[in-house]
Amino acid sequence: MFGVFVVLARHLGPEAFALAALAMVVPNILAAPVTRGLPDANIQREEIDPIHLGSAFCLLAATGVAITALIWISAGAIAAAFDQPCLEALVKWTSAIVVIQAFGVVPAAVLKRQLNFRLFAVARLQAR
C-alpha cells in the first residue's frame with residue numbers, strides 16, 4: 001500500500017492526490033462494521049462449526065453490499081459537503097472497498113484461528 005501511495009504522489013498533482021485520499025476516507029470509516037466484531041468473535045469462539053463461518057460470511061457480505069450501496073447513493077451529498085463536484089465519482093468507485101473487504105474477513109479470521117500467520121501475512125501483503 002505504501003508503494004502505491006508513493007507512485008500516486010509522484011505522478012499525481014497535489015490536488016488530485018488529495019481528492020483520491022479524501023475519497024478513501026468514507027469507505028474506510030464505514031467498513032468498520034464489516035471488518036470488526038464478528039470476525040474476531042469467530043476467532044475467539046472455543047468450538048466453531050462450519051455453519052458459524054457460513055453465517056458470518058453471508059451476514060458480512062450482505063452488510064458490505066448494503067454499506068457499499070449506501071455510500072454509492074450518498075456520494076453526491078458527500079461531494080457537496082466537501083464542495084468538490086469531481087469527488088462524487090471517486091467516492092462511488094472507492095465504495096467497492098467495503099464489499100471487497102467483506103468477502104475477505106471471514107477467510108482471514110479462519111487463518112488467524114488456525115494460527116497460520118505466514119499464509120495470512122502473505123495474503124495481506126499481496127492484497128496491498
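## Helices and ring pairs in a predicted model

Phe103 has a relative accessibility of 41%, so it counts as partly exposed, between the 20% and 50% limits. Please keep in mind as you look around that this is a predicted model.

**Two aromatic pairs.** Phe103 is a good way in, since it belongs to one of the two aromatic pairs that the structure holds. Its partner is Phe57: the ring centres are 5.8 Å apart and the planes meet at 40 degrees, so this pair is tilted. The pair bridges distant parts of the chain, with Phe57 in helix H5 and Phe103 in helix H8 (residues 96-113), 46 residues apart. Phe57 is partly exposed too, because its relative accessibility is 28%.

The other pair is made by Trp72 and Trp93, and its geometry is edge-to-face, with 5.1 Å from centre to centre and 85 degrees between the planes. This pair also links distant parts of the chain: Trp72 sits in helix H5 and Trp93 in helix H7, 21 residues apart. How exposed is each of these two rings' residues? Trp72 counts as partly exposed because its relative accessibility is 35%, whereas Trp93 is exposed, at 63%.

**Helix H5.** Phe57 lies in helix H5, and so does Trp72, which makes this helix worth a walk from end to end. Helix H5 covers residues 50-73, which is 24 residues. From its first C-alpha to its last, helix H5 reaches 34 Å, close to the 34 Å expected at 1.5 Å a residue. Its buried residues are Ala56, Leu60, Ala61, Gly64, Ile67, Thr68 and Ile71. As a reminder for reading such a list, an α-helix has 3.6 residues a turn, so residues three or four places apart point the same way.

Take Thr68, whose place is in helix H5. Thr68 counts as buried because its relative accessibility is 14%, under the 20% limit. Setting aside residues up to four places away in sequence, Thr68 touches Ser95, Ala96, Val98 and Val99.

**Helix H6 and the loop after it.** Ile78 is in helix H6. Its relative accessibility is 14%, so Ile78 is counted as buried. Apart from neighbours within four places in sequence, Ile78 is in contact with Val26 and Val91. Ile78 and Glu88 are 10 residues apart in sequence, and their C-alpha atoms are 7.1 Å apart in space.

Asp83 is found in the loop between helix H6 (75-81) and helix H7 (87-94). This residue has a positive phi of about 55 degrees, although it is not a glycine. Asp83 is exposed, because its relative accessible area is 63%.

**A nonpolar patch.** On the surface, Val25, Ile29 and Leu30 form a nonpolar patch, and together they have about 240 Å² of accessible area. Val25 lies in helix H2 (residues 14-30).

Here are some of the residues met along the way, set side by side:

| Residue | Relative accessibility | Class |
|---|---|---|
| Thr68 | 14% | buried |
| Ile78 | 14% | buried |
| Phe57 | 28% | partly exposed |
| Trp72 | 35% | partly exposed |
| Val25 | 39% | partly exposed |
| Phe103 | 41% | partly exposed |
| Asp83 | 63% | exposed |
| Trp93 | 63% | exposed |

Note on methods
Residues are numbered from 1 along each chain as its sequence is written. This is a predicted model: local features need pLDDT of at least 70, side-chain atom pairs count only at pLDDT 80 or more; totals for chains, interfaces and linings use all residues. Side-chain values use heavy atoms; hydrogens and water are left out. Helices (H or I, at least four residues) and strands (E, at least two) are DSSP runs, numbered from the N terminus. The expected span of a helix is 1.5 Å times one less than its number of residues. Buried means under 20% relative accessible area, exposed over 50%, partly exposed in between (1.4 Å probe, protein chains only). Contact means heavy atoms within 4.5 Å. Rings of Phe, Tyr and Trp (its six-membered ring) pair if their centres lie within 6.5 Å; planes under 30 degrees apart count as stacked, over 60 as edge-to-face and the rest as tilted. Patches are made of residues with over 30% relative accessible area and no salt bridge: like charges are joined within 9 Å, nonpolar side chains (Val, Leu, Ile, Met, Phe, Trp, Tyr) within 5 Å. Accessible areas come from the Shrake-Rupley method with a 1.4 Å probe; for residues, only the protein chains shown count as cover. A salt bridge is a side-chain nitrogen of Lys or Arg within 4 Å of a carboxyl oxygen of Asp or Glu.
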